[in-house]
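Trainee: I would like a close look at the interior of this model, and at the elements that surround it. Please take one part and follow it outwards, giving the cut-off behind each term as it comes up.

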Amino acid sequence: MTDTPLRAGRVDRRTAETDVSVALTLDGTGRASIATGVGFLDHMLELLARHALFDLEVKVTGDLHVDQHHTTEDCGIALGQAFAQALGDKRGIRRYADLHLPMDEALTRVAVDISGRPFLVFRTQFAREKIGAFDTELVREWFQAFAMNAGITLHVETLYGDNQHHIAESCYKGLARALRHAVEVDPREGGRVPSTKGSL
């Protein structure tokens, strides 16, 4: 019996605006250690790790004296890069996943294709500009940064919902559950890349 290679990625990204460190293990238990300096973002990333069953460590020092934009976006960039690194050549994965994720009165549909062709469709509207101190427009910014750098095609659509926190949470939990399924190794693939082209 051969040991399964560890699917893990680590990214350290430093700019004039942020210093981001991300460590990600795909085949984890949902353990998270998150410190971005943005409380709501910490909460969403903890949910992502727990429901994807990824082990995730994120540490960010950002220019929060300006606003939360750079910290949120750069966190998405680095996590997307770590995700792509952890997947490697994508051999044997299921690749596709989709689901509907309920969060009380909110319902969000998420579909993902680990395609190597980054694209985001984000059809989620927020009725208010803030969730606590967090700018709701940054939810889309994070998803855009993550999808582009992870190299995935990602569709997120909230079908309905009233509570802004629940809407955002349904998006992150939906992504988590979709990624959890899409990165799973399918024994029927026999280690092949799930594409007729032979690569993703």
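Trainee: Which residues touch the most other members of the largest nonpolar core?

Mentor: This is a predicted model, in which local features need pLDDT of at least 70 and side-chain atom pairs count only at pLDDT 80 or more, while totals for chains, interfaces and linings use all residues. Residues are numbered from 1 along each chain as its sequence is written, and side-chain values use heavy atoms, with hydrogens and water left out.

The residues you ask about are Leu45, Phe83, Trp142, Phe143, Ile152 and Leu154, in a core of 59 residues. Such a core is a set of buried Ala, Val, Leu, Ile, Met, Phe, Trp, Tyr and Cys residues joined through side-chain atoms within 4.5 Å, where buried means under 20% relative accessible area, exposed over 50% and partly exposed in between, with a 1.4 Å probe and protein chains only. In soluble globular proteins, nonpolar side chains tend to be buried together. The largest share of this core, 9 residues, is contributed by α4; helices here are DSSP runs of H or I with at least four residues, strands are runs of E with at least two, and both are numbered from the N terminus.

Trp142 and Phe143 lead us to α3, where the buried residues are Leu138, Val139, Trp142, Phe143, Ala145, Phe146, Ala147 and Ala150. An α-helix has 3.6 residues a turn, so residues three or four places apart point the same way. Helix α3 covers residues 137–150, 14 in number, and its first and last C-alpha atoms are 20 Å apart, close to the 20 Å expected at 1.5 Å a residue, the expected span being 1.5 Å times one less than the number of residues. Its buried residues pack against α1 (39–52), α2, β7 (119–123), β9 (134–135), β10 (153–160) and α4 (164–182), contact meaning heavy atoms within 4.5 Å. After the helix comes Gly151, with a positive phi near 75°.

Leu154 ties this helix to other parts of the chain: leaving aside neighbours within four places in sequence, Leu154 is in contact with Val110, Ala111, Val112, Phe119, Leu120, Val121, Phe143, Ala147 and Leu175.

The sheet beside α3 is open and has 4 strands in the order β5-β6-β10-β7, with mixed pairing; two strands pair if DSSP finds at least two bridges between them. Because β5 and β7 stand at the edges with a single partner strand each, one side of each has no neighbour in the sheet. The twist averages 10° from one strand to the next, with axes taken as lines fitted to C-alpha atoms, for helices over the stretch in contact, and angles running from 0 to 180 degrees between N-to-C directions. Strands β7 and β10 are parallel partners over 5 bridges, and Val121 has His155 in β10 as its bridge partner. Helix α3 lies across these two strands, β7 and β10, at about 160° to β7. Helix α4 also packs on the sheet, where it touches β5, β6 (106–113), β7 and β10, and its direction makes about 150° with that of β5.

At the other edge, β5 and β6 run antiparallel and are joined by 8 bridges, with Leu99 opposite its bridge partner Val110 in β6. The side chains of β5 alternate, in that Ala97, Leu99, Leu101 and Met103 point to one face and are buried, whereas Tyr96, Asp98, His100 and Pro102 point to the other and are not. The hairpin of these two strands has 2 residues between them, and Asp104 there takes a positive phi near 55°.

Arg95, in the loop between α2 (69–87) and β5 (96–103), counts as buried because its relative accessibility is 6%. Its side chain makes a polar contact of 2.6 Å with the side chain of Asp113; such a contact is a pair of N or O atoms within 3.5 Å, and within protein one must be able to donate a hydrogen and the other to accept it, while residues adjacent in sequence count only if both atoms are side-chain atoms.

Phe83, named among the core residues above, is also in contact with Val183, whose other contacts beyond four places in sequence include Leu26, Phe54 and Ile114. Val183 is found in the segment after α4 and counts as buried because its relative accessibility is 3%.
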